[in-house]
Amino acid sequence: MGCMEAVLLTWVGKRDLEAITCTDQGPVLSTLKAFQFSRVVLLSSYSSSELRKYKSWLVERLRDSAPSIESHHEPLNSPIDFTSIYQVADRHLQRLHSGQSNLSILLSPGTPAMQAVWILLGKTKYPVTFYQSSREQGVEQVEIPFNIAAEYIPSAVSVNDQHLANLINDQALVHAAFDDIITQDPNMLRLKKQAQILAEREVPVLIQGETGTGKELFARAIHNVSRRANQPFIALNCGAIPPELIDTTLFGHKKGAFTGAASDRAGVFQQAHGGTLFLDEFGELTTAAQVRLLRAIQEGLVTPVGSQKEESVDVRIITATHRNLIEDIANGGFREDLFYRVAVGVLTLPPLRSREGDLLHLSETLLAGLAKQDKALEDKKLSVDAKNLILLHLWPGNIRELRSTILRASLWSSDELISGEEMQQAFFHRSQKQDGLLDRDVSQGVDIQDIISELVGHYVPRALLASQGNKSDAAKLLGLKNYQTLNNWIEKHRVKIDN
Ligand SMILES: Nc1ncnc2c1ncn2[C@@H]1O[C@H](COP(=O)(O)OP(=O)(O)OP(=O)(O)O)[C@@H](O)[C@H]1O
């Protein structure tokens with residue numbers, strides 16, 4: 001049986017070299033202590049002698065458990081030059097990538113440009129496992145909630161992009177356009193960086209996430225960082241257009257094209273010309289609209305209703321959806337070709353309830369923001385009880401719901417400190433019936449008997465339908481002893497049966 005070789009590939013960073021003379025052991029040594037690899041490949045743009053010194057220090061530190069270590073001095077035009085980093089990284093990955101090895105990359109050492117290139121290559125041409133190491137979190141394997149289609153690699157690492165290289169350096173990690181997106185969650189921080197990389201690359205971006213998770217906020221920030229920042233940003237909610245108005249909304253119309261068309265009107269494609277078109281609730285488009293949209297995106301040509309002439313448009317498309325489009329594709333509700341056209345860069349925004357540390361941080365920032373707008377709210381603070389309630393709530397409406405709840409609570413609170421009771425009153429009390437049986441918010445109180453009755457009311461009529469009304473057969477289908485047991489259930493849970 002062939003044994004897979006575990007290979008770790010990494011740049012050597014400043015913190016690694018400094019580890020020789022200080023107590024912090026640096027990302028490379030920490031990773032080699034935490035995980036077992038049989039072979040380690042070190043890349044470095046520092047001088048050969050520094051690299052040699054580092055390698056012997058590493059071997060000495062690891063002693064008997066040292067894997068085989070090879071090091072390569074790779075001079076770069078600059079540590080933030082995308083093209084030369086890409087070439088070096090690609091060459092090594094190609095060489096090391098084989099059926100015989102399990103390839104891993106340590107992301108932490110090196111510049112953000114180096115990390116970006118690892119992600120581009122490791123998510124496309126060469127499937128690898130990513131690791132990262134930080135003083136706070138230690139060493140861990142990372143899942144990157146981000147995908148980029150391989151066909152975009154050449155343009156994504158195109159030469160001469162000095163602007164991007166300047167932007168992505170240690171000082172200006174994330175552009176100020178992303179400052180409005182308040183977060184401390186490591187996943188979200190990573191998404192902000194990735195969004196910035198995508199922004200610069202001009203690739204189409206699909207943003208997925210529940211309602212109120214900040215999809216539009218991301219779309220605007222991406223536009224504001226892009227080369228199109230001074231051109232229009234046009235947002236369209238695809239779910240809100242009546243089907244008969246799709247064409248004129250997207251592509252415009254000519255005067256007299258139909259009753260009521262009193263003058264020429266530009267569609268969103270023409271309005272966004274030179275800039276960005278943000279298509280929100282993208283998954284709601286009808287199949288017919290999807291076909292026309294695909295053509296416009298593919299060819300950059302649109303024909304206004306009532307016109308014979310095609311017009312050429314230059315727009316960058318950013319789409320957003322709360323749906324799982326891959327599932328929609330599987331059941332025929334969404335066109336696969338259109339999906340792959342727009343889902344080049346994919347950002348999946350996590351719901352608020354799974355963002356680490358964000359609930360209280362955001363609550364306080366939002367409260368401070370309200371105070372700035374309204375003097376009456378100036379010194380409001382959250383009591384411990386109010387904070388605990390915030391932490392318990394599931395926030396199905398995410399940041400939008402949090403913001404309005406905080407606003408209501410602060411308006412209602414009689415003194416500086418917002419009490420638990422005032423917080424409780426500010427929550428939306430939604431009918432929980434719409435939520436899935438397993439998704440209800442226990443902190444709002446649930447009736448477990450009702451839930452059981454709902455379940456029984458769901459399956460019993462179906463079983464009767466399947467058994468053509470024969471109660472003994474239906475009981476069998478439901479795993480019940482006999483028709484009497486079934487009758488008892490029907491009575492107890494007041495199951496409605498159509499006769
Ligand atoms: N991380 C954040 N920091 C501060 N404000 C945020 C953040 N995320 C979202 N918001 C605010 O929450 C509200 C909802 O955000 P946004 O409209 O971007 O969400 P969305 O995902 O596009 O929602 P929908 O799917 O319902 O259209 C906005 O007022 C936005 O400014």
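## Around the ligand

In this predicted model, the ligand is surrounded by 17 residues, and the closest are Ile182, Gly214, Lys215, Glu216 and Ile399. Two elements give two or more residues to this shell: α9 (215–225) and α17 (398–412).

The shell mixes residue types. Five of its residues are nonpolar, seven are polar and five are charged. Two domains feed it: domain 2 (178–348) and domain 3 (352–433) each supply at least three residues.

## Helix α9

Helix α9 gives two or more residues to the ligand shell. It is also mostly covered, with eight of its 11 residues buried. The buried set is Lys215, Phe218, Ala219, Arg220, Ala221, Ile222, His223 and Val225. Lys215 is thus listed as buried in α9, and Lys215 is also among the closest residues to the ligand.

What do the buried residues of α9 pack against? Their partners are α8 and a set of strands: β8, β9 (233–237), β10 (276–280), β13 (316–321) and β14 (345–348).

## Asn398 and the α17 end of the shell

Helix α17 also gives two or more residues to the shell. Asn398 is found in α17. Its phi is near 50°, a positive value in a residue other than glycine. Is Asn398 buried or exposed? Asn398 counts as buried because it has 21 C-beta neighbours inside 10 Å, and the cut-off for buried is 20 or more.

Ser413 sits in the loop between α17 and β16 (417–418). Ser413 is buried too, because 22 other C-beta atoms lie within 10 Å. Leaving out residues up to four places away in sequence, Ser413 touches Lys380, Ile418, Ser419 and Glu422. Met423 is 10 residues from Ser413 in sequence, and their C-alpha atoms are 8.4 Å apart in space.

## Glu202, a loop residue with positive phi

Glu202 lies in the loop between α8 (186–201) and β8 (205–208). Both α8 and β8 are among the elements that the buried residues of α9 pack against. Glu202 is not a glycine, yet its phi is positive, at about 65°.

Glu202 is partly exposed, because 17 other C-beta atoms lie within 10 Å. That count falls between the limits of 12 or fewer for exposed and 20 or more for buried.

## The N-terminal part

Ala6 is found in strand β1 (residues 5–11). Ala6 has 17 C-beta neighbours inside 10 Å, so it counts as partly exposed. Setting aside neighbours within four places in sequence, Ala6 is in contact with Gln36, Phe37, Ser38 and Asn102. Ala6 and Ser104 are 98 residues apart along the chain, but their C-alpha atoms are separated by 7.6 Å.

Gly26 is in helix α2 (residues 26–34). Gly26 counts as buried because it has 23 C-beta neighbours inside 10 Å. Beyond its neighbours within four places in sequence, Gly26 is in contact with Arg15, Asp16, Glu18 and Ala19. Lys14 lies 12 residues from Gly26 in sequence, and the C-alpha to C-alpha distance is 8.7 Å.

## Helix α3 and what follows

Helix α3 (residues 48–62) has 15 residues. From first C-alpha to last, α3 reaches 21 Å, close to the 21 Å expected at 1.5 Å a residue. Just after α3, Arg63 takes a positive phi of about 45°.

## The chain as a whole

The protein chain holds 21 helices and 16 strands. Of its 499 residues, 33% are buried. How much of the contact set joins residues 24 or more positions apart? Such pairs account for 72% of the contacts with a separation of 6 or more.

## Confidence

The chain averages a pLDDT of 85, and 91% of the residues score at least 70. For the complex, the predictor gives an ipTM of 0.96 and a pTM of 0.58.

Where does pLDDT stay under 50? It does so over residues 149–173. The model still has 39 contacts beyond four places in sequence for residues 149–173. Where pLDDT is low, the predicted coordinates should not be read in detail.

Technical notes: Residues numbered from 1 in each chain as written. Predicted model: local features only at pLDDT ≥ 70, side-chain atom pairs only at ≥ 80, totals over all residues. Helix = DSSP H or I, 4+ residues; strand = E, 2+ residues; numbered from the N terminus. Contact = placed C-beta atoms within 7 Å. Expected span 1.5 Å × (residues − 1). Near = placed C-beta within 6 Å. Nonpolar A, V, L, I, M, F, W, Y, C, P; charged D, E, K, R; others polar. Domains from an automatic or database assignment. pLDDT = per-residue confidence, 0-100.
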